[in-house]
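I opened this notebook to record what I looked up in one structure. The entries follow the order in which I went through it.

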Amino acid sequence: MIEIKNLNKAYGSTKVLSNINLKLEENKIYGLLGRNGVGKTTLLNIMSNVIRANSGEALLNGENIHENSKVLENIAIVRESGFGIEDIKVKKILKAAKTLYKNWDEEYMKFLIKEFDLNIKKNYSKLSRGNKTIVGLIIGLASRAPLTLFDEPSLGLDASYRYKFYNLLLQDVEKNPRTVIISTHLIDEVTHLFEEVIILKNQKVYLKEEVESLMGKAYFLSGKLEKIEPIIKGKNIISKEEFGTITIVGVFDCLTKEEKDNLKEKGIEISAIPLQKLFVLLTEKESVEGII
Ligand SMILES: Nc1ncnc2c1ncn2[C@@H]1O[C@H](COP(=O)(O)OP(=O)(O)OP(=O)(O)O)[C@@H](O)[C@H]1O
């Protein structure tokens, strides 16, 4: 549905994205993850024609995003940087947004305004940080755009509104399927939303995988190291921490039923690595070798 081909982006002489190739499926929720400054916003901005790549292509249903303005009726981006003009009533911003998107749902927008308790008569510039974010979220949700991109959607939102947004998004996407990409640093809060995760690292797509499959091969093993070691020899080890006589080893690899049973018999505790922790381990380490 969305295809990125051989995409490169540099700001002046600083290369940010290098030969990115991605194929995203229709009606799926993706998490776009990466350390600060790795290029998530840049990629989302290219996907929504806010900026141009230096080379390569971004296609939505086979049509080049940069060469066909009609395609843009189907792509919504919600981002921190606002709407260009700030000294304008929220009502007017929403009115303008309505004209941009083919699938805009006015009734749903009204429902969202109530849900988020947003005063649309206020000037956008006078809104709190959180309420500015809410304006963006309402536009993103009400656009019902087949490709909806949320860049840090929780910025400035209190926990209550963040969870409200996550729930509304899940409910609405179930009723009105579309492809959603969410870039966030609050990974554990949104893991349940993601079907697939894309991690950017060192200008490249470092990993693209279904969350279920990822979580099915990320374990912490805790117990005596001499008992853990022989069973996981040759596995991809991503962390090792010692707490007195107990060692916690992070494994990013498949464990067979026999291996798991074997570990349990030896008194080794097996627990899942939460996605956020896994992300930290994978993006901090340059090499997994030499840990054990
Ligand atoms: N307009 C610009 N001009 C010059 N450099 C830029 C510009 N926009 C972004 N960059 C640089 O490109 C790199 C990627 O920035 P980008 O905002 O895409 O990263 P990010 O992954 O979204 O980061 P964060 O998680 O901190 O929001 C950074 O080094 C940033 O400083």
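The entries below go from the whole chain to its domains, its core, its sheets, the ligand and one residue.

**Entry 1, the whole chain.** I noted at the outset that this is a predicted model. I recorded 10 helices and 14 strands in the protein chain. For the C-alpha trace I entered a span of about 65 × 40 × 35 Å along the principal axes. Of the 292 residues in the protein chain, 34% are buried. I then looked up contacts with a separation of 6 or more, and 70% of them are between residues 24 or more positions apart.

**Entry 2, the domains.** I found the protein chain divided into domain 1, covering 2-213, and domain 2, covering 217-284. Taken over C-alpha atoms, the centres of domain 1 and domain 2 are separated by 35 Å. How many residues does each domain give to the contact? I wrote down nine residues from domain 1 and six residues from domain 2. On the side of domain 1 that touches domain 2, helix H6 (187-190) and strand E9 (196-201) are the elements that give two or more residues. I classed the residues of that side of domain 1 as five nonpolar, one polar and three charged.

**Entry 3, the nonpolar core.** I looked up the largest nonpolar core and found 71 residues in it. The residues with the most contacts inside this core are Met 47, Ile 75, Ala 76, Ile 138, Ile 139 and Leu 149. Helix H4 (residues 129-143) provides the largest share of this core, with seven residues. I also noted that domain 1 (2-213) and domain 2 (217-284) each contribute at least three residues to this core. In soluble globular proteins, nonpolar side chains tend to be buried together.

**Entry 4, strand E6.** I asked which residues of E6 are buried on each face. Ile 75 and Ile 77 are buried on one side, and Ala 76 and Val 78 are buried on the other, which leaves both faces of E6 covered. Setting aside residues up to four places away in sequence, I listed the residues that Ala 76 touches, among them Tyr 101, Ile 139, Ser 143 and Leu 149. E6 runs parallel to strand E7 (residues 147-151), and four bridges join the two. In this pairing I found Ile 77 opposite Leu 149 in E7.

**Entry 5, the antiparallel sheet.** I traced an open sheet of four strands in the order E2-E1-E4-E5, with antiparallel pairing. Strand E2 (14-24) and E5 are the edge strands, each pairing on one side only. Between strand E1 (residues 2-11) and strand E4 (residues 55-60) I recorded five bridges. One bridge partner I looked up is that of Asn 8, namely Ser 55 in E4.

**Entry 6, the ligand.** I listed the residues that surround the ligand, including Tyr 11, Val 16, Asn 36, Lys 40, Thr 41 and Thr 42. Helix H1 (residues 40-47) gives the largest share of this shell, three residues. By class, I entered three nonpolar, six polar and one charged residue for the shell around the ligand.

**Entry 7, His 66.** I located His 66 in the loop between strand E5 (63-64) and strand E6 (75-78). Is His 66 buried or exposed? I entered His 66 as partly exposed, because 15 C-beta neighbours lie inside 10 Å. Leaving out neighbours within four places in sequence, His 66 is in contact with Asn 49, Arg 52 and Ala 58. I also recorded that His 66 and Ser 48 are 18 residues apart in sequence and 8.5 Å apart in space, C-alpha to C-alpha.

Notes: Residues numbered from 1 in each chain as written. Predicted model: local features only at pLDDT ≥ 70, side-chain atom pairs only at ≥ 80, totals over all residues. Domains from an automatic or database assignment. Contact = placed C-beta atoms within 7 Å. Nonpolar A, V, L, I, M, F, W, Y, C, P; charged D, E, K, R; others polar. Buried ≥ 20, exposed ≤ 12 C-beta atoms within 10 Å, placed from the backbone. Near = placed C-beta within 6 Å. Core = buried A, V, L, I, M, F, W, Y, C linked by C-beta atoms within 7 Å. Pairing = 2+ DSSP bridges.
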